[in-house]
Amino acid sequence: MARDVLLLLITPSGWLWVTSLLVSIATLHAVTERLASALTASYRAYHRWEFVLARYTLGAHNIVVRILTSDLLYVGACFVTIGCATGSVGLCVLAFVQNDIESSVSSELRFLLVGMMSGLYYLMLRSPLGLDGSSYMLSITGCSVLLSSILPAGGTGFGICVWFVCAQLILSYFLAGVTKVFGAVWRDGTAVGLILGSRHYGLRWGYSFCERHAFIGRLVTHAVLVFELGFVFILVLPHSCVVGLLVIAFAFHLANATLMGLGQFVPAFLAAYPAVFYCWCQLWGTFQFAAPGDPTALARNLQLTTVMASVCCP
């Protein structure tokens, strides 16, 4: 079973299938949160069209602008995007149940991906405040998988889409680490404790723990720096380190979701992880696309899958 899953991650059709599934789940999660917040007082306070217009050089009395920034259209876009994401998840699951991953990217799935990403971008444009990294990561991965589903599988354009997602993921972690290095609180190891003591991302018991155990707080702070700065080397590491670093990255986002409430980062960044497996195999030339009846390529693919499976599932 582990070999089959890993083989999915390093074939064009497998990458398309698993990334489409993860992007759809992440979009479903993100837009459901937006829809829930649409009924709250805070939404009505800062999502009114007057505040949205403040981000753009648009005419406040333009009827088209008023329609595009209406609350009714916002809520409707949420429902449409949720419907497209749910349908996309259903098609991906159906393809897996029917053991038909190779032909899972159908015209119906492409249509749903178009509707899903169009709705997501509209909701992003409607945000009067700055968006976080999860929104941008999800939009980049979603548009890349949509474009790659149109291009010939395994071709140059397809490869550019996958490598773009991989590069974006690496830069997201690395540049976050570079930015932190310039902060004195990150260098002296007090950043995590201060974040947990903040009003917006605070957690009382976490802050108290860091106050009582300053050494552990400094250790966690510096560990975050090492992880983010070291992620840039993931494609030149041995396969065991690649798997380990992605597990650490996933645990990092789970911890942020639990301690700081940054739940959207978990599915948004998880959707980009398959691109790392795919690009690692392409970079080291350990995987070949096997034509029907090609024993040499099939043997190499089986060997690679066996090696990767032995690492993940010893």
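**Exercise 1.** Find which residues Ile 234 touches, not counting residues up to four places away in sequence.

*Solution.* This is a predicted model, in which local features need pLDDT of at least 70 and side-chain atom pairs count only at pLDDT 80 or more, while totals for chains, interfaces and linings use all residues. Residues are numbered from 1 along each chain as its sequence is written, and side-chain values use heavy atoms, with hydrogens and water left out. Taking contact as heavy atoms within 4.5 Å, we find that Ile 234 touches Ile 170, Val 242, Leu 245, Leu 246, Val 276 and Trp 280.

**Exercise 2.** Locate the salt bridge that a search of the whole structure finds, and state whether its two residues are buried or exposed.

*Solution.* A salt bridge requires a side-chain nitrogen of Lys or Arg within 4 Å of a carboxyl oxygen of Asp or Glu. The search finds one, and in it the side chains of Lys 180 and Glu 228 meet at 3.1 Å, N to O. The pair links distant parts of the chain, since Lys 180 lies in helix H9 (residues 156-181) and Glu 228 in helix H13 (residues 214-230), 48 residues apart; helices here are DSSP runs of H or I with at least four residues, numbered from the N terminus. Next, apply the rule that buried means under 20% relative accessible area, exposed over 50%, and partly exposed in between, with a 1.4 Å probe and protein chains only. Lys 180 has a relative accessible area of 18%, so this residue is buried, and Glu 228, at 4%, is buried too.

Terms used
Helices (H or I, at least four residues) and strands (E, at least two) are DSSP runs, numbered from the N terminus.
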